[in-house]
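Reader: I'm new to reading protein structures. Could you walk me through this one, step by step?

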Amino acid sequence: DPDNVAFCVLATDEEDEGDIALQIHFTLIQAFCCENDIDIVRVNDVGKLAAIVGPSEESGEPRDLHCILITNPNEDGWKDPALEKLNSFCEESRNLN
């Protein structure tokens, strides 16, 4: 539901730049976000993003973190330490780019 999305994080590493399928995927996601007035944050450190988000709770396997949609939390949700870390990471990435 695009009305509940606060922003979208698109993450790539240098090795992903040659992946045509991933670039097409990003183009489609960006079009969806633009059409629905969802802000996009692009970051270039998938490893650091993975460290912040952590492994999948079900399997313990690393997650595919090339695209993350952050939904609008309830009022107390913004106080969550994990969301605060993700926000800091996005701010840091904005300052670098």
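Author: Sure, here is a run of questions and answers that starts with the whole chain and then visits single residues. Keep in mind that this is a predicted model.

Reader: Let's start with the big picture. What pattern does the protein chain follow along the sequence?

Author: The pieces to place are three helices and three strands. Read along the sequence, strands and helices come in the order β-α-β-α-β-α.

Reader: How much of the protein chain counts as buried?

Author: To count as buried, a residue needs under 20% relative accessible area. The protein chain has 97 residues, and the share of them that counts as buried is 31%.

Reader: And the surface: what part of it belongs to carbon and sulfur atoms?

Author: The accessible surface of the protein chain comes to about 6,600 Å². The part belonging to carbon and sulfur atoms is 48%.

Reader: What percentage of the contacts join residues at least 24 apart?

Author: Here we look at contacts between residues at least 6 apart in sequence. Among those, the share joining residues at least 24 apart is 72%.

Reader: Can we see that with one residue? Which residues does Val5 touch, not counting those up to four places away in sequence?

Author: Val5 has its place in strand β1. Its relative accessible area is 14%, and the limit for buried is under 20%, so Val5 is buried. Along the chain, Val5 and Asn72 are 67 residues apart, yet 5.7 Å separates their C-alpha atoms. Not counting residues up to four places away, Val5 touches Ile38, Leu69, Ile70, Thr71 and Asn72.

Reader: Now Thr12. Is it buried or exposed?

Author: Thr12 lies in the loop between β1 and α1. Its contacts beyond four places in sequence are Phe26, Arg42, Val43, Asn44, Asp45 and Val46. Its relative accessibility is 11%, and the cut-off is under 20%, so Thr12 counts as buried.

Reader: Asp16 carries a charge. Which side chain of opposite charge is nearest to Asp16?

Author: Asp16 is found in the loop between β1 (5-11) and α1 (20-35). Asp16 is buried and has no salt bridge. A salt bridge would need a distance within 4 Å, whereas the nearest side chain of opposite charge is 8.7 Å away, and that is Arg42.

Reader: So how does Arg42 count, in terms of accessibility?

Author: Arg42 lies in strand β2 (residues 39-43). Cys67 is 25 residues from Arg42 in sequence, and the two are 9.4 Å apart in space, C-alpha to C-alpha. At 36% relative accessibility, Arg42 falls between the 20% and 50% cut-offs, so the label is partly exposed.

Reader: Back to Asp16: which residues is it in contact with, leaving aside neighbours within four places in sequence?

Author: One of its partners is Gln23, which is found in helix α1 and is partly exposed, with a relative accessible area of 26%. Looked at from the other side, Gln23 is in contact with Asp16 and Glu17, again leaving aside neighbours within four places. The full set for Asp16 is Leu22, Gln23, Val46 and His66.

Reader: Which residues form the nonpolar patch on the surface?

Author: Start with Ile20 in helix α1. Exposed means over 50%, and Ile20 has 58% relative accessibility, so Ile20 counts as exposed. The patch has about 330 Å² of accessible area together, and its members are Ile20, Ile24 and Leu28.

Reader: Why do the buried residues of α2 line one face of the helix?

Author: The buried residues of helix α2 (residues 46-53) are Val46, Leu49 and Ile52. Seen down the axis of α2, they line one face of the helix because they fall within an arc of 120°.

Reader: What is phi of Asp37 near?

Author: Asp37 is found in the loop between α1 and β2, and with a relative accessible area of 72% it is exposed. Its phi is positive in a residue other than glycine, near 55°.

Reader: Last one: how far apart in space are Glu92 and Val43?

Author: Glu92 has its place in helix α3 (residues 81-96) and is partly exposed, with a relative accessible area of 39%. In sequence, Glu92 and Val43 are 49 residues apart, while in space, C-alpha to C-alpha, the distance is 9.3 Å.

Technical notes: Residues numbered from 1 in each chain as written. Predicted model: local features only at pLDDT ≥ 70, side-chain atom pairs only at ≥ 80, totals over all residues. Heavy atoms only, no water. Helix = DSSP H or I, 4+ residues; strand = E, 2+ residues; numbered from the N terminus. Buried < 20%, exposed > 50% of the residue type's maximum accessible area, 1.4 Å probe, protein only. Contact = heavy atoms within 4.5 Å. Areas by Shrake-Rupley, 256 points an atom, 1.4 Å probe, with all protein chains shown as cover. Lys, Arg positive; Asp, Glu negative; His and termini not counted. Patch = residues over 30% accessible without salt bridge, like charges linked within 9 Å, V, L, I, M, F, W, Y side chains within 5 Å. Arc of directions from axis to C-beta.
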